[in-house]
Amino acid sequence: MGEGSKEKPYTREDVLRLIEENGGAADGLDLSGKVFEKGVDLRRLHLRGITLKRAVLENAHFEEANLWGVHIEKAVLRDAHFEKANIRAMHFEGADLQNAHFEGAVAWGTHFEGADLRNAHFEKADLWHAHMERADLSGARFDETYLEGARLPEKGE
């Protein structure tokens, strides 16, 4: 059983146990600063309302998960997978999202301000009114991405 530390990182089973102990819902569960096993499988989980600020979730798998309104500011999410996930109104401010995958994700009003999104994949994602001010989008891919109302970084940001 993990403890959310570098020595004993959290696994999918630990997250499911913590949700159960929280009354069966992720809402209000605060796992800020915790470490998760590299490549942790959190696919298709309902994590709406969880807090993961400054957490370490490298290569984590959130495919098809419901992450609406999740706070994950300043987290380490390099190579994370959010394909087809519901990340509406999620807060990624200042997060390390290098090489992250958002293909087909719904990110209405999501906050990416100041995030490191170098080489991120947003192909076919819906970034309606997403906030990307001051984000590093070097090498990011936006093929067939819906960007209406998105606030992209100004030149020189």
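Me: What does the exposed area of the chain in this predicted model refer to, and how much of it do carbon and sulfur atoms supply?
Reply: Accessible areas here come from the Shrake-Rupley method with a 1.4 Å probe. On that basis the chain exposes about 7,700 Å², of which carbon and sulfur atoms supply 45%, while 50% of the 157 residues count as buried.

Me: Why is Phe142 called partly exposed?
Reply: Buried means under 20% relative accessible area and exposed means over 50%, with partly exposed in between. Phe142 has 25% relative accessibility, and therefore counts as partly exposed. Phe142 lies in the segment after α1 (12-21), and, leaving aside neighbours within four places in sequence, is in contact with Phe122, Leu127, Met132, Leu137 and Leu147.

Me: Why does Trp128 count as partly exposed, and which residues make a nonpolar surface patch with Trp128?
Reply: The relative accessibility of Trp128 is 35%, so this residue counts as partly exposed. Together with Trp108 and Tyr146, Trp128 makes a nonpolar surface patch of about 300 Å². Trp128, too, is placed in the segment after α1.

Me: How do you know whether the radius of gyration of the chain agrees or disagrees with that of a compact globule?
Reply: For 157 residues a compact globule would have a radius of gyration near 15 Å, and because the chain has 15 Å, the two agree. Along its principal axes, the C-alpha trace spans about 45 × 25 × 20 Å.

Me: What makes Phe112 stand out in the largest nonpolar core?
Reply: Of the 48 residues in that core, Phe82 and Phe112 touch the most other members. Not counting residues up to four places away in sequence, Phe112 touches, among others, Ile87, Phe92, Leu97 and Phe102.

Methods. Residues are numbered from 1 along each chain as its sequence is written. This is a predicted model: local features need pLDDT of at least 70, side-chain atom pairs count only at pLDDT 80 or more; totals for chains, interfaces and linings use all residues. Side-chain values use heavy atoms; hydrogens and water are left out. A nonpolar core is a set of buried Ala, Val, Leu, Ile, Met, Phe, Trp, Tyr and Cys residues joined through side-chain atoms within 4.5 Å. Buried means under 20% relative accessible area, exposed over 50%, partly exposed in between (1.4 Å probe, protein chains only). Contact means heavy atoms within 4.5 Å. Helices (H or I, at least four residues) and strands (E, at least two) are DSSP runs, numbered from the N terminus. Patches are made of residues with over 30% relative accessible area and no salt bridge: like charges are joined within 9 Å, nonpolar side chains (Val, Leu, Ile, Met, Phe, Trp, Tyr) within 5 Å. A salt bridge is a side-chain nitrogen of Lys or Arg within 4 Å of a carboxyl oxygen of Asp or Glu. The radius of gyration is taken over C-alpha atoms; the globule rule is 2.2 Å times the number of residues to the power 0.38.
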